[in-house]
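Q: Got a minute to go through this one with me? I'd like to chat about the rings, the cysteines and one of the helices.

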Amino acid sequence: MSISPQTHAISRNPATGEVIDSYAFESAQALEQSLARAAQGYATWKRTPLEQRAAALVRLGQTLRANADALAATITAEMGKPITQARGEVEKCAGLCDWYAANGPQMLAPEPTSVEHERAWIEYRPLGPILAVMPWNFPIWQVLRGAVPALLAGNTYVLKHAPNVMGSAYGMLQAFQQADFPAGVFEVINVGNDLVSQAIRDDRIAAVTVTGSVRAGSAIGSQAGAALKKCVLELGGSDAFIVLADADLDVAVKAAVAGRFQNSGQVCAAAKRFIIEDSIANAFTERFVAATRELAMGDPTQAQTYVGPMARYDLRDELDDQVQRTLAEGATLLLGGGKAEGAGNFYQPTVLADVTPEMTSFREELFGPVASIIRARDARHALELANDSDFGLTATVFTADLARARQMTAELDVGGVFINGYSASDARVGFGGVKKSGFGRELSHFGVREFCNAQTVWVDRR
């Protein structure tokens with residue numbers, strides 16, 4: 001019997017092209033059962049003492065570490081992430097659980113304030129079941145960085161994962177079960193777009209969170225708005241990586257290569273537009289191309305591999321089309337520039353130079369192992385180029401003058417700025433974007449309160 005992507009979620013190994021597994025989309029009746037469990041689970045979970053919810057997160061972290069090899073192998077098989085990076089993703093998720101278990105409860109503590117003749121404070125109450133529509137590029141981290149703080153706050157979580165990483169989704173579900181979370185606290189639904197829309201409209205869903213493309217965020221966000229549901233959107237990015245003339249070039253190049261080619265370039269908050277001050281552009285470019293040429297591309301199950309296959313064949317075709325359009329528009333090809341020969345969904349690490357604002361790779365997000373080098377006359381011009389984008393996720397500034405970097409930070413229209421480093425996410429600091437990169441914040445105290453009802457309580461002292 002043939003397997004159709006219209007009726008099944010298909011997990012395909014992008015390194016070989018072989019189908020790993022397929023999962024028939026669930027019926028409306030199965031969705032109803034999942035939503036009912038999430039609602040019933042919420043009725044119990046929100047009344048579970050906070051310290052017990054924190055203890056459950058500790059167990060989840062322990063379970064993730066105990067199953068790290070299996071989870072990492074699933075990530076690598078399903079979306080091609082090099083195995084060393086996949087293991088790092090699992091460990092990062094375990095650390096997230098530990099950090100929120102230790103620090104999250106104080107973020108949910110009542111906040112007192114002084115009001116004349118009265119006493120008032122803010123209580124952080126959960127909202128209810130949260131519907132999460134998640135992508136494939138960080139199959140576990142993207143999910144848990146939103147789920148863990150929301151669950152600590154007393155919400156329950158209903159995950160609609162990307163169809164090509166359903167093995168990872170069910171691996172997480174198993175981890176929650178092994179960590180003795182109550183039924184309904186973490187649910188996985190495998191449904192088509194029509195039933196996603198039905199879930200958004202369902203009164204039992206209190207809010208929606210989406211990580212994905214601008215197109216997906218716009219569609220789901222509009223449905224959530226029509227249903228008067230709170231929504232957090234973490235969407236695409238075309239992050240600027242600015243290198244000024246006084247920067248340490250060796251450090252900047254090393255960070256630039258890592259910032260562009262980690263996860264085979266499939267990162268929303270990744271350096272994509274390299275904006276280099278003109279006086280050092282040739283030197284930077286020469287070193288950057290040399291370092292990129294040395295990256296090990298190949299079998300993602302091997303520890304030495306840094307660049308694996310792209311996760312989906314259609315996305316590789318789309319990336320190649322963007323590269324070819326950019327070259328036709330006048331960019332210079334310095335390295336790569338096409339699909340790798342042989343089996344698997346590999347794309348050559350590619351460097352484009354002489355990119356200007358009217359070109360495709362400047363205007364669009366290139367979600368794969370492709371870097372665009374843009375020359376800036378000076379720091380002011382670099383800022384103008386960085387902000388000349390529909391996106392506003394993160395940016396990087398490399399310079400020896402920290403005071404100037406701080407000044408530039410204030411003028412960058414992005415959710416996060418990295419000075420002399422490259423984009424990253426960490427439980428201890430908030431993460432999110434502006435413009436078409438979305439709205440709302442994840443991680444830190446922002447993440448634990450994002451899906452809370454900030455309830456004001458007043459007591460008349462008289």
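A: Sure. Keep in mind this is a predicted model. Let me start with two phenylalanines: F176 is buried, and F181 is buried too.

Q: How are the rings of F176 and F181 arranged?
A: They're edge-to-face, because the planes sit at 75° with the ring centres 4.9 Å apart.

Q: And what about W45 and F181?
A: That pair is tilted, since the planes are at 40°, and the centres are 5.5 Å apart. W45 belongs to helix α1 (residues 28-45), while F181 is in the loop between α6 (166-178) and β7 (186-189), so the pair ties together parts 136 residues apart in sequence.

Q: W45, buried or exposed?
A: W45 is buried, at a relative accessible area of 3%. F181 counts as buried as well, with 9% relative accessibility.

Q: How many aromatic pairs does the count come to?
A: The count is 13 aromatic pairs. Ring pairs also join F241, F261, F274, F284, F288 and F398 into a cluster.

Q: Which rings have a lysine over them?
A: F138 is one of them: K81 lies over its face, 4.0 Å from the ring centre. W141 is another, with the charged end of K92 over its ring at 4.4 Å from the centre.

Q: W141 is in α5, right where I wanted to go next. What's the span of α5?
A: Helix α5 covers residues 141-152, which is 12 residues. From first C-alpha to last it reaches 16 Å, close to the 16 Å expected at 1.5 Å a residue.

Q: How many of the α5 residues are buried?
A: 12 of the 12, so α5 is largely enclosed by the rest of the structure. The buried residues include W141, Q142, R145, P149 and L152.

Q: What comes after α5?
A: G154 follows, and its phi is positive, near 110°.

Q: Switching to cysteines: how many disulfides does the count come to?
A: Zero disulfides.

Q: Why is C268 not bonded to C93?
A: The sulfur of C93 is the closest cysteine sulfur to that of C268, but it's 14 Å away, so that's too far for a bond. A disulfide would need the two sulfur atoms within 2.5 Å. C268 is buried, by the way, with a relative accessible area of 10%.

Q: And where is the nearest cysteine sulfur to C452?
A: It's in C231, 17 Å away, and C452 is in no disulfide. C452 counts as buried too, at 11% relative accessibility.

How values were computed: Residues numbered from 1 in each chain as written. Predicted model: local features only at pLDDT ≥ 70, side-chain atom pairs only at ≥ 80, totals over all residues. Heavy atoms only, no water. Helix = DSSP H or I, 4+ residues; strand = E, 2+ residues; numbered from the N terminus. Expected span 1.5 Å × (residues − 1). Buried < 20%, exposed > 50% of the residue type's maximum accessible area, 1.4 Å probe, protein only. Phe/Tyr/Trp six-rings, centres within 6.5 Å; stacked < 30°, edge-to-face > 60°. Lys NZ or Arg CZ within 6 Å of the ring centre and 35° of its normal.
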